[in-house]
Amino acid sequence: IFRFRGGSGPATAMSGILSCLLRPKDSRSCCDLNASFCGEDAFYRDAFYDCEEGNKSHDTLFASAREQARLKLRKGHMVAQYAAFELERKTGVRDALSRCVGPAGKSLENGMESMPSLPKRLSSGRGPLLGGGTPAWWRRTMDEWPEPGTFPPTGEGPYWSIGSGEGFMVRDGPDYKKNRHKTKSIDSMYTAVSCDAIRGKEKLTDIIMKHAHGRLPPPPSVSESSQGKAPLEWTKNCNLPRVICINMMMPYTTGVNPMARDSGCSFVGFFHITPETIREAMEKEPRPGVRLFREFWEGPAGTPNGPATDPNRSLLARVDSRVKKDQQRGLFKVIAHCLNPEDVSVPSKLHDHNGKPCLITKCGYIVKDPNLEWLEIGIDVRGFNLLARKMLCSLRHLLPRTKIHYGFLIQGVEDEDLPEGILCDMFVHGCDMMRDPMELDAEPAQQG
């Protein structure tokens with residue numbers, strides 16, 4: 001059973017199913033929901049290989065038929081561990097089977113997934129606004145942790161803090177495809193300026209134009225950007241955007257019930273270009289990470305207030321279907337690294353994927369400012385496979401105890417593109433995706 005864009009009810013769902021089944025194989029747009037149980041985008045091939053980095057037994061995997069068998073075994077092992085974890089968590093081992101089967105005559109309607117009850121959160125009043133005319137939610141739903149280099153106690157939040165780009169394992173040469181060597185990242189090209197949790201009656205997209213009214217974070221002061229050197233400010237000649245907005249769209253349900261409306265919530269981060277990145281972007285030969293992002297920035301993208309059906313808007317437009325995704329340069333990736341896994345109880349197999357990359361293609365949108373000042377990238381977790389969505393719904397009660405380092409980057413493959421560089425990053429602490437998001441309809445935007 002699938003849930004499709006627009007409309008509701010059996011007729012609409014059936015119409016959507018037929019259009020999905022009859023779409024061309026190379027179609028760039030379809031339903032929001034990923035029908036794959038354990039496929040892309042969430043369980044990226046590279047993530048499974050990353051679990052055994054540096055093992056030379058993988059040298060011939062990409063040229064042999066056993067590659068697929070080994071991948072399926074690894075995925076199957078993880079699915080089995082998660083299934084056992086869920087049965088024990090919900091029912092206890094002894095009566096797992098009887099509860100799984102359920103009493104005879106139980107109706108399908110009663111067993112259907114439904115939307116959880118959502119508490120309404122109004123403006124918290126915490127944190128300063130970014131200037132006249134900014135929306136009421138901006139920098140008001142999550143505080144910035146005030147002590148750089150430290151983290152809040154486990155369970156306290158929600159907070160966010162600026163990342164330095166350090167500590168992620170990124171691809172490095174020589175000959176990554178053969179050696180699969182990784183190294184620790186050392187910095188980032190953009191610095192975090194805000195993080196907010198918001199939700200509305202519908203799924204939130206196009207944050208800058210629709211929900212921030214075209215407003216952007218102000219540039220840093222000259223004293224902040226110069227850092228002892230000649231004052232340096234962003235201009236259109238930089239060849240890179242001044243501001244990046246990342247919109248992480250999180251569902252509240254798995255989506256298997258087509259009748260359940262799920263607007264979910266969004267975690268929205270804004271990032272500003274650093275002076276060092278401005279300098280490098282204007283050089284003939286910048287480092288590999290900056291050059292990759294410059295090429296990514298020049299690639300296809302949607303336009304502000306443009307149609308959602310524009311094929312250039314989808315990150316899938318950047319994929320070459322003839323090449324395996326983990327061997328394609330220039331694709332967008334996300335890394336989520338939980339810093340305190342010992343404080344949360346999850347299947348041990350999931351720890352193997354902590355800090356591993358996730359390619360964003362089918363579930364990602366990209367919009368570029370015609371004036372070249374900003375870039376917005378959206379990541380819709382509804383496009384992840386069913387297992388990933390199920391795990392999010394089952395384990396979200398643990399999120400308030402987590403401290404997670406999020407990093408975003410552009411994939412490199414050949415030696416000239418390595419090591420990969422972190423585009424932007426931030427830490428998020430103690431976030432509750434059910435209680436923390438602000439209702440956008442609950443308070444009107446403040447106009448300047």
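## A first look at helix H10 and some backbone details

In helix H10, the buried residues (buried means under 20% relative accessible area, exposed over 50%, partly exposed in between, with a 1.4 Å probe and protein chains only) are Pro288, Gly289, Val290, Arg291, Leu292, Phe293, Arg294, Phe296 and Trp297. H10 spans residues 288-297 and is mostly covered, with nine of its ten residues buried. Helices (H or I, at least four residues) and strands (E, at least two) are DSSP runs, numbered from the N terminus.

This is a predicted model, in which local features need pLDDT of at least 70 and side-chain atom pairs count only at pLDDT 80 or more, while totals for chains, interfaces and linings use all residues. Residues are numbered from 1 along each chain as its sequence is written, and side-chain values use heavy atoms, leaving out hydrogens and water.

Now to the loops. Glycine 157 and proline 158 are joined by a cis peptide bond with omega about 5°, and proline 158 sits in the loop between strand S1 (143-144) and strand S2 (159-162). Another cis bond runs from glycine 173 to proline 174, with omega near 0°.

Two non-glycine residues with positive phi are shown here:

| Residue | Phi | Loop | Relative accessible area |
|---|---|---|---|
| Aspartate 175 | about 50° | between S3 and H6 | 36%, partly exposed |
| Asparagine 239 | near 70° | between H8 and S6 | 36%, partly exposed |

How many disulfides (pairs of cysteine sulfur atoms within 2.5 Å) does a search of the whole structure find? The search finds zero. Cysteine 265 is buried at 2%, and its sulfur is 7.7 Å from the closest cysteine sulfur, in cysteine 431, so the two are too far apart for a bond.

How values were computed:
A disulfide is a pair of cysteine sulfur atoms within 2.5 Å.
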